[in-house]
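Please examine the model shown here with attention to how its helices pack and how its chains meet.

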Amino acid sequence: MWSHLLKRVLAVIPVLLVVMVIVFLMLRLTPGDPAANIAGDAATSEDIAKLRIELGLEEPLPVQFGIYVSNLLQGDFGESFYYKRPVISMIADGIEPTLSLAFFTITLACLVAVPLGTLAAYRHGTWLDRMVMGFSVVGFSVPVFVIGYLLIYFLSVKLGWFPVQGYQHIKEGIGGWAYRLVLPSVALSVIFIALIARMTRTSVLEVLNEDYIRTARAKGLPQSKVLLKHALRNAAVPIVTVIGIAIAILISGVVVTESVFVIPGLGLLTLDAIQGRDYPTVQALILLFSVVYVLINLIIDIIYTILDPRIRY
Amino acid sequence: MTTTEQEPVLSVSGLTIDLPRNADRKHAVENISFDVAPGEVVCLVGESGSGKSVIAFSVMGLLASALQVSRGSIKLQGTELTELDDDAMRALRCTRMGMIFQEPMTALNPVMNCGDQIDEVLQEHTDLSSAQRRSKVLAMIEQVHLPDPERMYSAYPHQLSGGQRQRIMIAMALILEPVVLIADEPTTALDVTTQAQILQLIRELQAERQTGVLFITHDFGVVAELADRVAVLKQGQLVEFGTTQQVLANPQHAYTKMLIASVPRHEPPVRRVIADDAPVVLQTENLAKRYVSYGFAGANNVVDAAVDVSIEIRRGETLGIVGESGSGKSTVARCITWLIESSDGKIWLAGDNIAELSKEQLRSLRRKVQIVFQDPYRSLNPRRTVGQSIIEGPMNYGISHREAIADARELMQLVQLDPDGLDRYPHQFSGGQRQRICIARALAMKPDLLVADEAVSALDVSVQAQVLKLLEEIRDRMQLAMLFITHDLRVAAQVCDVVAVMSKGRVVEYGPARELFNNPQHEYTQALFEAAPGRHFEFAR
Amino acid sequence: MSATIISEESAESVELVDQPSIWSRLIRHPSVVIGGVLIALIVSLVPAAPLITTLDPTDISPRNRNKPPGFETVHRDDEGTKYTVVAHMGTDKLGRDVYSRVIHGAKVSLIVGVSVALISISIGLFTGMLAGYFRLIDAVVMRVMDGLMAIPSILLAIALVSLSGASLLTVIIAIVIPEIPRVVRLVRSIVLTIREEPYVEAAISVGTPTWKILLRHVLPNTIAPLIVQGTFICGSAILLEAILSFLGVGVPPEIPTWGNIMAQGRDLFQIYPHSIFYPGIFLTLTVLAINMLGDGLRDTIDPRMSKEI
């Protein structure tokens with residue numbers, strides 16, 4: 001088992017390396033002079049030349065990459081062009097709102113979707129099943145910003161139940177923090193509820209056809225036990241996988257949701273950085289999000305080994 | 001064991017089960033009546049599609065919802081089961097009737113340890129304390145002769161062998177001493193030696209507890225070994241029911257007679273002698289295949305799938321490789337057909353050492369060795385017509401389309417199929433017909449050596465007999481050398497001139513079929529023959 | 001030899017009943033029908049746009065700014081004559097007619113959806129087949145794909161667009177790149193299963209060269225799943241394009257796209273929600289129609305895939 005885990009951890013390294021290469025090359029290989037792009041339309045040719053040196057673009061590519069990686073390894077993510085602050089401190093400021101939003105969303109999605117999907121599988125072919133499936137197609141299709149604005153317009157603007165936009169830090173009071181996160185996380189969780197409910201349904205349905213479910217029934221177990229103890233437990237691996245996929249999509253959703261609800265998190269920071277052509281910040285953020293994705297998948301791999309004894313060798 | 005005086009524990013009468021409307025026949029089974037006395041084993045025997053499993057599941061109340069019992073009665077110790085509601089049926093399962101299934105690999109929950117799975121039965125149906133339950137489970141594990149009960153209790157199914165898993169299933173089904181045990185082909189997926197042990201175990205426990213057993217099987221050997229009475233089913237109809245002696249020794253119904261006549265005998269027939277000067281088509285010398293999976297710090301996992309295999313096949317001769325699963329017999333077949341590369345040893349084909357040949361020469365030699373696989377449902381591309389599949393090979397070697405089609409029509413006749421079937425798709429043929437098509441495809445290459453890798457194992461016994469006969473005819477007609485891979489000793493006895501017995505990757509005994517079968521030397525061969533079910537019975541000798 | 005054709009008398013059940021053809025199954029599936037009809041309506045908006053709208057979607061009109069739906073806007077034609085047009089969906093903050101913009105906006109969405117689906121499927125199919133069949137290529141390609149998968153698609157797209165300048169082409173490329181790994185993985189997994197099939201081994205042993213095996217035996221198995229996957233990619237590409245425009249990093253803002261219309265309505269959303277809701281409805285309906293079609297296709301032509309998400 002330990003060697004299996006070690007293998008998993010080591011497998012992360014090449015992926016991270018590839019991510020670094022892609023993020024690094026993105027700046028260098030896109031058509032046109034990145035320095036000119038970054039400097040903007042008003043820049044003179046001297047400005048651009050200066051920027052090229054500043055960005056290290058005059059060095060050969062492998063050298064540039066070496067510098068980039070060695071800086072990263074020393075924890076140096078560069079300095080923001082725009083704010084003239086170390087990128088790392090800007091990221092530190094944005095982590096709390098983003099994590100809060102992500103946590104609320106995923107928890108909400110799992111709490112709603114797993115029971116819904118299990119029920120749909122159990123009542124396969126009934127109106128309840130069709131409702132869940134119907135909801136899941138719609139949930140896939142409505143963009144998060146449309147849901148966001150709908151919620152704001154009706155629940156905040158018209159009914160005044162919730163604050164329109166904005167965020168309150170957790171240290172200013174847990175109540176207000178949670179209250180302001182309700183609408184954004186509901187808006188963002190719709191697509192995940194759709195995704196996870198559907199996957200839960202399919203995998204529970206599949207497991208219900210397995211021989212060991214028949215064995216469980218031949219033992220005289222009641223349906224509820226067959227469903228919870230045998231079916232759901234075996235369906236857990238694909239469900240956890242899809243939760244992993246969901247987290248990848250979540251990162252994208254966070255950017256949009258933060259923009260709609262004006263939450264000063266990493267998503268909003270990314271957008272500001274891109275609009276301000278603040279390249280070091282963009283690079284660092286993309287890298288950070290990718291590392292988070294890779295690590296979450298690693299954690300999911302480890303959860304597999306707990307859920308499924310066949311993987312423990 | 002006389003049955004007439006005792007009240008039957010299970011009695012089925014006039015049972016009719018309907019199939020869904022779009023099925024190929026109206027009833028899954030129709031008007032079935034039989035009974036099982038305490039301590040008696042009744043075998044339901046039939047080919048695939050005969051409805052034998054449906055009967056088993058209807059007794060347990062586990063029928064798929066598409067199937068409905070429309071008439072008849074099922075009585076368990078006088079209780080009418082067809083009238084009980086779900087909860088009442090549930091209470092009877094495992095307490096008064098237990099069931100074991102065909103696939104021990106998939107019948108156990110993979111994420112729960114074996115002990116807990118047995119324990120669940122006690123939790124559901126008894127009020128015992130957890131300590132009492134545990135000791136009862138451990139005692140039961142011991143009764144099914146599993147070693148080290150404590151370790152077995154905490155083991156997960158994937159850590160056990162097929163036979164061990166089936167023992168766990170038996171423990172689960174019998175722990176509450178039900179009056180009826182229903183066994184649905186419980187040994188079909190097991191090797192012959194394991195099968196013998198499991199049959200012995202069922203016999204032992206059932207005699208001890210006077211359990212009535214309803215045993216579903218397709219194998220007359222198993223019937224002869226185990227049954228007190230036999231019911232023969234054909235497409236949902238019960239055609240014959242009587243004591244084992246009556247049915248096997250003196251079958252009345254034509255279908256039963258045909259089935260019994262199709263069972264290959266264990267005794268090899270006298271075969272025509274292959275001339276010593278017949279050319280050697282294939283020879284291997286110390287052939288070996290080793291799989292290495294790399295681990296950390298040199299902790300490589302080495303599996304020797306085949307070691308030191310030296311065999312020889314002459315023109316017009318059939319060499320059988322016999323062995324249980326994991327013996328390496330299929331590995332040898334795949335090395336010889338170059339589907340995998342051997343890791344050591346030499347292969348000569350018609351005198352050429354293939355290791356010394358160029359790629360081009362190898363390609364032209366490839367057609368000389370053809371293979372027929374086990375699974376008739378997956379060996380033909382479902383999207384291509386039978387004709388396209390058969391002419392694919394010849395056209396690869398430059399035969400024109402017209403010529404290839406003309407050849408294919410002839411081959412279809414040779415394998416006794418309608419040549420117009422060339423334009424049809426595989427799904428329009430039955431399993432046996434598909435296997436004939438696969439043979440035609442192999443023959444289209446005009447091979448010198450035909451490898452049949454478990455080619456009749458997936459077929460029903462009557463179809464199997466026809467395909468075996470066909471293979472033999474073709475071998476004689478075309479003077480082929482044939483390598484016949486099988487786990488089935490009876491089949492090997494009937495078609496092979498020479499037999500190699502493989503175990504754990506090695507050939508342990510090698511010699512002419514008649515000698516080897518009549519006087520096995522190696523203890524493994526002896527054990528294998530000993531385990532073959534139903535040898536004592538006349539029909540199989 | 002007598003050429004008598006034996007009929008194999010056994011209990012083997014033969015499925016001689018032909019299944020109803022794919023087409024008849026398709027037109028009977030409710031989601032295929034509903035999705036298909038909706039898509040046809042939306043596609044017909046593209047050629048019909050000049051006929052059913054009277055105003056140029058890019059015409060700025062300061063006097064008609066921020067009007068609610070149903071307002072009669074006043075315009076002058078080339079000769080200076082006044083005429084009025086009812087703004088069915090109101091106007092935006094530059095006085096452009098939202099209805100005209102929404103109807104004309106269908107074009108960009110559909111172009112993006114279809115071209116992203118076609119390009120990513122083609123590239124992914126080619127790469128996935130090679131990766132599935134050749135070990136060496138597999139090792140390299142899959143590492144790169146893992147890396148690409150790790151970067152959140154929206155960020156990758158945003159970064160690519162903002163670096164190479166906003167245009168329809170860069171938007172399409174930026175959406176294609178993150179889609180490719182998903183297609184590659186799907187194709188590769190199909191190839192890996194199919195190459196283990198005995199009928200592929202049979203083809204190998206009758207001497208069929210590798211490229212023919214790929215084309216003849218492997219490729220046909222990828223078509224149904226790819227049609228389904230392509231439909232879903234089309235839907236998600238339309239969504240992603242709208243998100244990019246909405247965030248202000250998509251196609252240039254003067255081009256009418258649903259995302260751009262919404263982006264322009266953001267500031268005054270609380271008072272004038274119409275320029276967010278109308279394009280939002282169209283966007284949602286389009287994506288919904290495509291996803292319904294995809295679901296229906298999966299049920300009918302590729303039941304095996306319904307196991308996956």
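The report that follows treats one helix of chain B and then a contact between two chains.

The coordinates come from a predicted model. In chain B, helix 3 spans residues 114-125, and its buried residues are Cys114(B), Gly115(B), Gln117(B), Ile118(B), Asp119(B), Glu120(B), Val121(B) and Leu122(B). The elements covering these buried residues of helix 3 include three further helices of chain B, namely helix 4 (130-143), helix 5 (149-154) and helix 6 (162-174).

Two packed helices are described by the angle between their axes together with the distance between those axes. For helix 3 and helix 4 of chain B, the angle is about 120° and the axes lie 10 Å apart. Because an angle of this kind falls outside the parallel, antiparallel and perpendicular ranges, helix 3 of chain B counts as oblique to helix 4 of chain B. Helix 3 of chain B passes helix 4 of chain B in a right-handed crossing, and the contact draws on Gly115(B), Ile118(B), Asp119(B), Leu122(B) and Gln123(B) from helix 3, facing Arg133(B), Lys136(B), Val137(B) and Met140(B) from helix 4.

Chain C and chain A are also in contact, with 41 residues contributed by chain C and 46 residues by chain A. On the side of chain C that touches chain A, at least two residues are supplied by each of helix 4 (135-150), helix 5 (153-164), helix 8 (210-246) and helix 10 (274-301) of chain C.

The table sets out the residue classes.

| Set of residues | Nonpolar | Polar | Charged |
|---|---|---|---|
| Contact of helix 3 with helix 4, chain B | 4 residues | 2 residues | 3 residues |
| Side of chain C that touches chain A | 25 residues | 12 residues | 4 residues |

Technical notes
Residues numbered from 1 in each chain as written. Chains lettered and ligands numbered in written order. Predicted model: local features only at pLDDT ≥ 70, side-chain atom pairs only at ≥ 80, totals over all residues. Buried ≥ 20, exposed ≤ 12 C-beta atoms within 10 Å, placed from the backbone. Helix = DSSP H or I, 4+ residues; strand = E, 2+ residues; numbered from the N terminus. Contact = placed C-beta atoms within 7 Å. Axes fitted to C-alpha atoms, helices over the stretch in contact; angles between N-to-C directions. Parallel < 35°, antiparallel > 145°, perpendicular 65-115°, else oblique. Left-handed = near helix turned anticlockwise from the far one by under 90°. Nonpolar A, V, L, I, M, F, W, Y, C, P; charged D, E, K, R; others polar.
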